[in-house]
Amino acid sequence: TKAKRKKTNEGEDDDKDMQKYIKKQKWKGLVAVPEEGKGRGVVATRAFQIGEVVCDYHGKIVSRKVGIETHKSTIGMESGYMFFYKDKNGQSKCVDAHSEECECHPGKQTIGRLINHSSKRANVRPRLYSLDDKDVILFIAQKGIKVNEEILYNYGASKKSFAGEGLDLDWL
Ligand SMILES: C[S@@+](CC[C@H](N)C(=O)[O-])C[C@H]1O[C@@H](n2cnc3c(N)ncnc32)[C@H](O)[C@@H]1O
């Protein structure tokens, strides 16, 4: 029916928009702001519905091994911007976002790398997506998100896990 077709088209349009935002790293409804005790953080400037794509974690896809090496060699402002995951073939990989500016978007601060951690107040969760055969880590709203709410996800790390080794992670 017409209504059904319209709905399908709307879904396709949403997908096209999302792919454009991933490629251009131009997500809507988010702003980076200073968050007390956490450095910077990401806050919603519009409401997000449960299940909506909020943004992605943008960086360079590397192997877990390379990710660990880079993680160990980064300090200060460049430390803590690695996203470890398993790809669709079960291979351990890492999104390396340690550089303030990535190679593919010079002069641009990508927003996903600025999302802070919370185990109790997380409102987005990561989901693996593929675009042009490249892995993309999307953040999906796991509950309704209101304007001015900080975007948070559970890093899934603890003081004892790899990310915490030798680091002063009081906030975990
Ligand atoms: C991926 S970055 C998040 C953005 C970071 N706050 C910034 O200003 O660039 C991860 C780092 O943010 C800080 N961080 C994340 N969640 C935090 C929290 N709940 N409390 C305090 N610091 C946090 C830690 O320094 C961590 O290494």
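These legends walk through several close-up views of one predicted protein model.

Before the views, a word on the ground rules: residues are numbered from 1 along each chain as its sequence is written. Because the model is predicted, local features need pLDDT of at least 70 and side-chain atom pairs count only at pLDDT 80 or more, while totals for chains, interfaces and linings use all residues.

**View 1. The whole protein, with two helices and 10 strands.** Helices (H or I, at least four residues) and strands (E, at least two) are DSSP runs, numbered from the N terminus. Follow the chain and you meet the pattern α-β-β-β-β-α-β-β-β-β-β-β. Of the 172 residues, 22% count as buried, meaning that 20 or more other C-beta atoms, placed from the backbone, lie within 10 Å of the residue's own; exposed residues have 12 or fewer, and partly exposed ones fall in between. Two residues are in contact if their C-beta atoms, placed from the backbone, lie within 7 Å. Among contacts between residues at least 6 apart in sequence, 67% join residues at least 24 apart.

**View 2. The span listed as "domain: SET".** UniProt gives residues 28-156 for this feature, in an unreviewed entry; positions follow the numbering used here, feature names are shortened, and annotations may be inferred rather than shown by experiment. The end C-alpha atoms of the span lie 26 Å apart, and the span is 8% helix and 39% strand.

**View 3. The largest nonpolar core and F139.** A nonpolar core is a set of buried Ala, Val, Leu, Ile, Met, Phe, Trp, Tyr and Cys residues joined through C-beta atoms within 7 Å. Of the 25 residues in this one, V54, I115 and F139 touch the most other members. Strands β3 (53-56), β5 (82-86), β6 (92-96), β9 (134-141) and β10 (152-153) each supply at least two core residues. Beyond its neighbours within four places in sequence, F139 has contacts that include V54, I115 and Y153.

**View 4. N116 in strand β7.** This strand covers residues 116-117. N116 counts as partly exposed because 19 other C-beta atoms lie within 10 Å. Leaving aside neighbours within four places in sequence, N116 is in contact with E35, K38, G41, E150 and L152. N154 is 38 residues from N116 in sequence, with 8.4 Å between their C-alpha atoms.

**View 5. K88 in the loop between β5 and β6.** K88 is exposed, because 8 other C-beta atoms lie within 10 Å. Y129 is 41 residues from K88 along the chain, and their C-alpha atoms are separated by 9.2 Å.
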